[in-house]
Amino acid sequence: MTNYLVRGALPSLVPLIAELHGWTDGQIAWMMALFSGGYLSMQLPAGAAAQRFGARNILSLNMLGNALCLFLAPRLVMRGLDGHWPLGACFFMIGLCQGPLMPCKAALQAAWLPAPPSVERVWATRFTSLGGRLAHTIGVAVTPRISSELGWRYVCYIYGSLTAVFCVAWHLVVTDAPKAAK
């Protein structure tokens with residue numbers, strides 16, 4: 001869910017930041033493309049990593065990386081690294097961190113919901129997708145409000161904190177497969 005929360009926040013957040021700093025439409029488009037480039041470049045390596053190191057561990061790193069990048073983004077701007085490049089680099093790194101989401105989700109679903117397909121498998125798969133869609137919608141709706149009330153940096157801090165807390169809870173609770181399957 002935190003991946004989709006952040007993913008839903010970026011398209012709302014970037015124009016708000018761009019308006020404050022006077023960025024062009026081209027710079028805004030470049031920042032959004034950097035996220036996508038990072039995301040796409042991790043799809044295949046993440047699938048192999050999930051098989052080798054476990055989907056749980058890779059997704060824990062995914063969330064930890066997201067949280068660190070969200071905390072880092074405002075700090076870069078506050079250190080005088082103004083312009084779209086430092087934030088673009090953070091968004092690229094967030095994309096890299098989020099790239100493993102789908103391959104790891106598929107690995108977990110294969111372990112927890114083995115074939116043959118059943119009604120339970122269909123419902124469980126839809127339920128896991130629902131959380132992401134709900135978080136994405138919340139990110140799109142809430143990000144402008146937080147940004148207008150507290151500033152764009154607080155969006156990063158709040159979502160980074162939520163991601164870090166969820167990362168710890170995830171890593172403590174989730175296993176790669178049911179105990180009987182290990």
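**Ser60, aromatic pairs and the largest pocket**

In this predicted model, Ser60 has a relative accessibility of 7% and therefore counts as buried, the cut-off for that class being under 20% relative accessible area. Ser60 belongs to helix 4, which covers residues 55-78. When residues up to four places away in sequence are set aside, the contacts of Ser60 are with Cys167, Trp170 and His171.

Three aromatic pairs emerge from a search of the whole structure. One of them joins Phe35 and Tyr39 in a stacked arrangement, in which the centres lie 6.2 Å apart and the planes make an angle of 20 degrees; the planes of a stacked pair are under 30 degrees apart. Both residues are part of helix 2 (residues 25-41), and because they are four residues apart there, about one helical turn separates Phe35 from Tyr39. Phe35 is buried, its relative accessible area being 8%, and Tyr39, at 15% relative accessibility, is likewise classed as buried.

Tyr154 and Tyr157 form an edge-to-face pair, with 5.9 Å from centre to centre and 90 degrees between the planes. Here the spacing is three residues within helix 8 (residues 152-173), so that Tyr154 and Tyr157 are again separated by about one helical turn. Tyr154 is partly exposed, with a relative accessibility of 43%, and Tyr157, whose relative accessible area is 22%, is also partly exposed, since the buried class is confined to values under 20%. Ring pairs bring Phe71 together with Tyr154 and Tyr157 in a cluster. A contact of another kind, between a charge and a ring, involves Arg7, which is placed over the face of Tyr4 at 4.5 Å from the ring centre.

The largest pocket encloses about 680 Å³ of space. Its lining comprises 23 residues, of which Met1, Lys105, Leu108, Thr128 and Trp170 are the closest to the centre of the pocket; Trp170 is also one of the residues that Ser60 touches. At least two lining residues come from each of helix 1 (2-21), helix 4, helix 6 (101-112), helix 7 (119-150) and helix 8. The greatest contribution to the lining is that of helix 7, which supplies six residues. In terms of residue class, the lining of the largest pocket consists of 14 nonpolar residues, eight polar residues and one charged residue. Helix 4, in which Ser60 is found, and helix 8, which carries the pair of Tyr154 and Tyr157, are thus both among the helices that contribute to this lining.

How values were computed: Residues numbered from 1 in each chain as written. Predicted model: local features only at pLDDT ≥ 70, side-chain atom pairs only at ≥ 80, totals over all residues. Heavy atoms only, no water. Buried < 20%, exposed > 50% of the residue type's maximum accessible area, 1.4 Å probe, protein only. Contact = heavy atoms within 4.5 Å. Phe/Tyr/Trp six-rings, centres within 6.5 Å; stacked < 30°, edge-to-face > 60°. Lys NZ or Arg CZ within 6 Å of the ring centre and 35° of its normal. 1 Å grid on protein atoms, 1.4 Å probe; cavity = no way out; pocket = protein on both sides within 12 Å on 5 of 7 lines; lining within 4 Å. Points joined across faces, edges and corners; volume = space filled by probe spheres on them. Nonpolar A, V, L, I, M, F, W, Y, C, P; charged D, E, K, R; others polar.
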